Amino acid sequence: MKKYIGLLIILVVSVLCVACSETVTEENTESEVVSSAGNSELVENESEEVVSEEESVSPSPNALKVELSGKAEESFTAEEDCYVEGEQVIIYIQSGVTINQDVLTVTEDIMASLCEATGLSFDKKFEPDSDMSSRDMYFEEGAFTGLNEDATKVNVMIVNLEDGAVPWAWENNAILDDEDYDFELTGYQAIYHELTHVLQFRNGVALGSTLDEGYATYVSAKAQQADGIVPWSAMQYYYPYDFDDSVIFGGESSFHHAYNDREIPYQYGFRFVSFLMDTYGEDVYINILNEATEQGFNNSYDAENEEESMKEDTIQMIEIIKSQTSEDVFEQFIQWYNSKWSGKCQEFMDYTGIMNE
């Protein structure tokens, strides 16, 4: 049975935050459930009760909706699992979590910034073959039954991540720690990163950890700068501690749609996506995403034949990239890296210096 490499990367090592990344640049297990508080009309047919197909599922009576003041200086501690709802997002707050009461405003503003930076929309346009009901991973099972079942809105879960767990995301969900909403501590970097994954996956297929994580790191830094936030987390991509850039000089033969190494998807991916944007324009990634989606690219591998499966996926992704760029795109990447990367690093250093004078 196939498993999603983008989700595996995010769950095991990551994110924004690629993507992923990102990638992985990643939900609700849809089932036909009738809430005890629903308005579903029951009709009797030959001694059997059936649910009218026209009736929708209503939220569980156990789903506690709260209203927040929107003020950053005011805090809120969830005494039980609850949620707050906006135009495009529902934020679920785990019992015991303390956050500032501006979390909805912060999230919606970041979503708007990411749309501006990418030209994409959080409107759901793509439905993958399988999904994950991550709400039940962090909250009591069934607590939010009937709420956002069609994933029209993005699910953001603010939870206490423990035991070294990290934020992650998939098509309908972003799982974040309460500290990720502490601006002084994190600059909201993880929110930008993980929501970039969600944005991509709602618009098309996952492209593999190299592109997903590269895109999430690139977009999150770009959007943060546009919002006047110094993306300090990007420092690790410009000046990494342990990334061996010799992988770049292998050209096409060194590209893989997925890597098991923690550093390569982010470091290589960030450089490669930066090169694509700088050389072919900001629309090139969306063009690659659209082409991959049209081809039905499957960001997965056969666990029983992992090496061969990943090789086939890599070959397909290389051809997709070439179809939207050029046949010698990887040779161009080497030349660009040799001639422009140090300048890009200096630009970033100059920027951070100016922003902090």
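Q: In this predicted model, buried means under 20% relative accessible area; which residues of H9 are buried?
A: Helix H9 covers residues 284-295. Going by that cut-off of under 20%, the buried ones in H9 are Val284, Tyr285, Ile286, Ile288, Leu289 and Ala292.

Q: What covers the buried residues of H9?
A: Quite a few helices chip in. Helix H2 (103-118) and helix H5 (189-201) are among them. The cover also includes H6, H8 and helix H10 (306-324).

Q: How far apart are the end C-alpha atoms of H9?
A: Start with the expected value: 12 residues at 1.5 Å a residue should span 16 Å. The model agrees with that, as the end C-alpha atoms of H9 are 17 Å apart.

Q: Are H6 and H8 roughly parallel or roughly perpendicular to each other?
A: The axes of H6 (residues 209-226) and H8 (residues 263-280) come within 7 Å and cross at roughly 70°. Angles of 65 to 115 degrees count as roughly perpendicular. H6 and H8 are therefore roughly perpendicular.

Q: Which helix gives the largest share of the largest nonpolar core?
A: That core has 80 residues, and Leu195, Tyr268, Phe272 and Met317 have the most contacts inside it. The largest share, nine residues, comes from H8.

Q: Which residues does Phe272 touch, not counting residues up to four places away in sequence?
A: Phe272 is one of the H8 residues in the contact with H6. Leaving out those sequence neighbours, Phe272 touches Leu211, Phe255, Ile321, Phe330 and Phe333.

Technical notes. Residues are numbered from 1 along each chain as its sequence is written. This is a predicted model: local features need pLDDT of at least 70, side-chain atom pairs count only at pLDDT 80 or more; totals for chains, interfaces and linings use all residues. Side-chain values use heavy atoms; hydrogens and water are left out. Axes are lines fitted to C-alpha atoms, for helices over the stretch in contact, and angles run from 0 to 180 degrees between N-to-C directions. Helices (H or I, at least four residues) and strands (E, at least two) are DSSP runs, numbered from the N terminus. Angles under 35 degrees count as roughly parallel, over 145 as roughly antiparallel, 65 to 115 as roughly perpendicular and the rest as oblique. Contact means heavy atoms within 4.5 Å. The expected span of a helix is 1.5 Å times one less than its number of residues. Buried means under 20% relative accessible area, exposed over 50%, partly exposed in between (1.4 Å probe, protein chains only). A nonpolar core is a set of buried Ala, Val, Leu, Ile, Met, Phe, Trp, Tyr and Cys residues joined through side-chain atoms within 4.5 Å.
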